[in-house]
Amino acid sequence: LSDSLARRQQPPKLSFAPQIAACTAGKSAVNGDRCTWFAGVEGAYYLLLCDGMGTGTPAAREAKQAVQILKELLCAGYPAEHALRSLNSLYALSGSAGAASISLVQLGLDTGKGALYQWGGSPGYLLSGTQVIKIGTAAPPPGLSVTEGRETVERLSLRRGETLVLLSDGVAGEDAMVRAQHMDRLSPGEMAAAILEAGSDGLSDDATAAVVRLKAVTLST
């Protein structure tokens, strides 16, 4: 424990800065998707997308609660796995299985490497040039059991200018990402808007597209 505390007194040298944007559209006046991004401890940075079950006010309430719980745990230094399993236990014990699906990106701003954690969320997509790679698979939502089921984890790197896209269930990912092959020159905001437009025709659910890249930090001498 003392060794760990000693390391925390020396924050890591940050080599990257996050560039993040999200676009969202609700089926009704109240959107059940919640997307946020924030700094954690020791150079960690997070992008979190929570999709509340259903649409409207109940879905928005569940997504907002999930975001609040996870953000507080992560900012307090909880490992991502522990934070997600704490939310899973809360859902299971309160009979709220499937109240929200979770897509969580953790990035190290010192290394440019990270991971995509998912629990019931839609697959993510990694763009490198014109290549589009699906990351993650559909899985049962959190809250089905305290002891069974785990979040899925996919390791990734954005250190060479790659772009990561997160989508909620309301976006037709395959259709939208076909167009994304030609969006590598767009800013994150422009790309998020274009993907949302391409993948949410005939909106049947709340739809959100979030885009993240890392920009190398240039240190002046």
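# Exercises on a predicted model

The axes of helix 4 (residues 173–180) and helix 5 (residues 188–199) come within 8 Å of each other and cross at roughly 135°. The structure is a predicted model, and the exercises below begin with this pair of helices.

## Exercise 1. Helix 4 and helix 5

Task: Determine how helix 4 and helix 5 are oriented to each other, and state which residues meet where helix 4 packs on helix 5.

Solution.

Step 1. Two packed helices are described by the angle between their axes and the distance between the axes. For helix 4 and helix 5, the angle is roughly 135° and the axes come within 8 Å.

Step 2. Angles over 145 degrees count as roughly antiparallel, 65 to 115 as roughly perpendicular, and the remaining ones, apart from those under 35, as oblique. Helix 4 and helix 5 are therefore oblique to each other.

Step 3. The crossing of these two helices, helix 4 and helix 5, is right-handed.

Step 4. Helix 4 contributes Ala176, Met177, Arg179 and Ala180, which meet Ile195, Ala198 and Gly199 of helix 5. Sorted by class, the residues of this contact are five nonpolar, one polar and one charged.

## Exercise 2. Helix 2 and helix 3

Task: Describe the packing of helix 2 (residues 56–75) and helix 3 (residues 80–94), and give the classes of the residues in their contact.

Solution.

Step 1. The two helices pack at an angle of about 140°, and their axes are 9 Å apart. Helix 2 is therefore oblique to helix 3.

Step 2. The handedness of the crossing of helix 2 and helix 3 is right-handed.

Step 3. On the side of helix 2, the residues are Glu62, Ala66, Ile69, Leu70, Leu73 and Leu74; in helix 3 they meet Ala80, Ala83, Leu84, Ser86, Leu87, Leu90 and Tyr91. These residues divide into eleven nonpolar, one polar and one charged.

## Exercise 3. Threonine 163

Task: Locate threonine 163 in the secondary structure, decide whether threonine 163 is buried or exposed, and identify the partner of its side chain in a polar contact.

Solution.

Step 1. Threonine 163 belongs to strand 9, which covers residues 163–167.

Step 2. The relative accessible area of threonine 163 is 5%. Buried means under 20%, so threonine 163 is buried.

Step 3. The side chain of threonine 163 is joined to that of arginine 213 by a polar contact of 2.6 Å.

Step 4. Apart from neighbours within four places in sequence, threonine 163 is in contact with Tyr125, Leu126, Leu127, Leu158, Met191, Val211, Val212 and Arg213.

## Exercise 4. Two residues of strand 3

Task: Establish whether alanine 44 and tyrosine 45 are buried or exposed, and find which residues each of them touches.

Solution.

Step 1. Alanine 44 lies in strand 3 (residues 44–52), and tyrosine 45 is found in strand 3 as well.

Step 2. Alanine 44 has a relative accessibility of 12% and therefore counts as buried. Tyrosine 45 has a relative accessible area of 15% and is therefore buried.

Step 3. Not counting residues up to four places away in sequence, alanine 44 touches Ala39 and Leu107. With such residues again left out, tyrosine 45 touches several others, among them Pro18, Trp37, Phe38, Val105 and Leu109.

Step 4. Distance along the chain and distance in space may now be set side by side. Alanine 44 and glycine 112 are 68 residues apart along the chain, and their C-alpha atoms are separated by 10.0 Å. Tyrosine 45 and leucine 74 are 29 residues apart in sequence and 9.6 Å apart in space, C-alpha to C-alpha.

## Exercise 5. Glutamate 42

Task: State where glutamate 42 is found, and explain what is notable about phi of glutamate 42.

Solution.

Step 1. Glutamate 42 is found in the loop between strand 2 (33–39) and strand 3.

Step 2. Most residues other than glycine have a negative phi. Phi of glutamate 42 is near 55°, a positive value in a residue other than glycine.

Step 3. The relative accessible area of glutamate 42 is 45%, so this residue is partly exposed.

## Exercise 6. Alanine 63

Task: Decide whether alanine 63 is buried or exposed, and name the residues that alanine 63 touches.

Solution.

Step 1. Alanine 63 lies in helix 2. Its relative accessible area is 0%, so alanine 63 is buried.

Step 2. Leaving out residues up to four places away in sequence, alanine 63 touches Gly32, Arg34, Cys50 and Gly52.

Step 3. The C-alpha atoms of alanine 63 and aspartate 51 are separated by 5.8 Å, with the two residues twelve apart along the chain.

Terms used. Residues are numbered from 1 along each chain as its sequence is written. This is a predicted model: local features need pLDDT of at least 70, side-chain atom pairs count only at pLDDT 80 or more; totals for chains, interfaces and linings use all residues. Side-chain values use heavy atoms; hydrogens and water are left out. Helices (H or I, at least four residues) and strands (E, at least two) are DSSP runs, numbered from the N terminus. Buried means under 20% relative accessible area, exposed over 50%, partly exposed in between (1.4 Å probe, protein chains only). A polar contact is a pair of N or O atoms within 3.5 Å; within protein, one must be able to donate a hydrogen and the other to accept it, and residues adjacent in sequence count only if both atoms are side-chain atoms. Contact means heavy atoms within 4.5 Å. Axes are lines fitted to C-alpha atoms, for helices over the stretch in contact, and angles run from 0 to 180 degrees between N-to-C directions. A crossing is left-handed if the near helix is turned anticlockwise from the far one by less than a right angle, and right-handed if clockwise. Ala, Val, Leu, Ile, Met, Phe, Trp, Tyr, Cys and Pro count as nonpolar, Asp, Glu, Lys and Arg as charged, and the others, Gly among them, as polar.
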